[in-house]
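Here is a quick look at some aromatic rings and a helix pairing. Have the sequence and the 3D view open as you read.

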Amino acid sequence: MKQINMLSKADMVKGQGVLSAHDEQVELVRKVMEKRAVILENAKEPCEITHYHSINPEYYLSTFRKNRQGALVGYVHFLPETVENSISLPRFVKNIFYKYMLSFYKRMDYLVTVNPVFIDKLAEYGISKEKITYIPNVVSEKNFYPLKEEAKRKIRKKYGIRPEAFTVLCAGQLQKRKGIFDFLDVAEKMPEWEFVWAGGFSFGKISEGYEEIKTKMEDLPKNVKFLGLVEREEMNQIYNMADVMFLPSYEELFPMTILEAMNCRLPVLVRNLDIYRPILFDYVLQGKNQEEFINVLERLHKDAEFYQESAELAFAGHKFYSREHVGNMWKNFYERVFQEEEEKGGAESRHMASDGSVILWEEKKQQYI
């Protein structure tokens, strides 16, 4: 049976979407490929497909091994423009990292991106569109699902949330690009509601805006709670205690937190970003500034019918990005890679002469090198 080796060190940084995406993808692929391939993780032996989930230097060096076998698949979770406002580093260090990142992607035989917008962006960096495939993120219904009202009340009590309060949740790393200052400003303008942020400084002091955010956290509005880094196993409870998921990010790719909230039948409000257009705008509410965010939130609070429609809209998104749908995309992708690699191997065999030399022209007098 063929082998697919998943290589990742995403668990080195807790609380980031790359880790969640890896865990969900590996679990899903084990199921859809169970009769076709064995799924290995961080194995040393050569496999028909080596799938890189993170871009660690040792992985980059492994692509130069002479005895490597099979196809190299790279997962594109970020590009220079999505990293720019996530971490605070000297410009020359960032430039070196960006060159390394793009060099890593160019070493791959195939690339998978979670947002179709990134196909054109990768092409702008000199990467052929032919080797790029779009497959969205996925979230398991086993881990994220709606809870009953009694359970929700207990969770609110656990976290000190008033049972009757309209509760607005954001889940994500503490970074400026996540729109944290807009979140706090909106909370201050709506003091009768509860605002909760689940997530911490995943990259510590080099997180963009670290000092500014820390200063803000020292004097929070009374209706705001920061839960810090929450283990993923507990996040289903966090989503279920909220009334709406509000992610005012300025830059994203395909947030796992939105998919998780959708699974819980939670209305989702995001900033009107072009990058969301092909993947989310059919399923989420949107605004372009604080005033619009407040208008949408107030309508969700006052208009029960609108709230229900928005919740069902989000759940429709959950169905579109279901394990069955995305699983078939992964199965088709890996099968295509297997087939193309086999055809490539066959073509190489047909172009070898009996003495091991390479045939340059077929159907003519053989010329060898």
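## Phe 104 and its partner

Phe 104 is buried, with just 2% relative accessible area. Keep in mind that this is a predicted model. Phe 104 and Tyr 100 are 4 residues apart in helix α4 (residues 91-107), so about one helical turn separates them. Their ring centres lie 6.3 Å apart with the planes at 65°, which makes the pair edge-to-face, since the cut-off is over 60 degrees.

## The wider aromatic cluster

That pair doesn't stand alone: Tyr 100 and Phe 104 belong to one aromatic cluster with Tyr 52, Tyr 59, Tyr 60 and Phe 64. Across the model, the count comes to 25 aromatic pairs. Take Tyr 60 and Phe 64: with ring centres 5.4 Å apart and planes at 70°, this pair is edge-to-face.

Tyr 60 counts as buried at 16% relative accessibility, while Phe 64 comes out at 44% and counts as partly exposed.

## Charges over rings

Phe 64 also has a charge for company: the charged end of Arg 107 sits over its ring, 3.8 Å from the centre. Elsewhere, Arg 265 lies over the face of Phe 315, at 3.9 Å from the ring centre.

## Where α11 meets α12

Helix α11 (residues 290-302) and helix α12 (residues 304-320) have axes that come within 5 Å and cross at roughly 110°. That puts α11 roughly perpendicular to α12. On the α11 side, the contact uses Val 296, Arg 299, Leu 300 and Lys 302; α12 brings Ala 304, Phe 306, Tyr 307 and Ser 310. Sorted by type, the contact residues are 5 nonpolar, 1 polar and 2 charged.

Terms used:
Residues are numbered from 1 along each chain as its sequence is written. This is a predicted model: local features need pLDDT of at least 70, side-chain atom pairs count only at pLDDT 80 or more; totals for chains, interfaces and linings use all residues. Side-chain values use heavy atoms; hydrogens and water are left out. Axes are lines fitted to C-alpha atoms, for helices over the stretch in contact, and angles run from 0 to 180 degrees between N-to-C directions. Helices (H or I, at least four residues) and strands (E, at least two) are DSSP runs, numbered from the N terminus. Angles under 35 degrees count as roughly parallel, over 145 as roughly antiparallel, 65 to 115 as roughly perpendicular and the rest as oblique. Contact means heavy atoms within 4.5 Å. Ala, Val, Leu, Ile, Met, Phe, Trp, Tyr, Cys and Pro count as nonpolar, Asp, Glu, Lys and Arg as charged, and the others, Gly among them, as polar. Rings of Phe, Tyr and Trp (its six-membered ring) pair if their centres lie within 6.5 Å; planes under 30 degrees apart count as stacked, over 60 as edge-to-face and the rest as tilted. Buried means under 20% relative accessible area, exposed over 50%, partly exposed in between (1.4 Å probe, protein chains only). A charge sits over a ring if NZ of Lys or CZ of Arg is within 6 Å of the ring centre and within 35 degrees of the ring normal.
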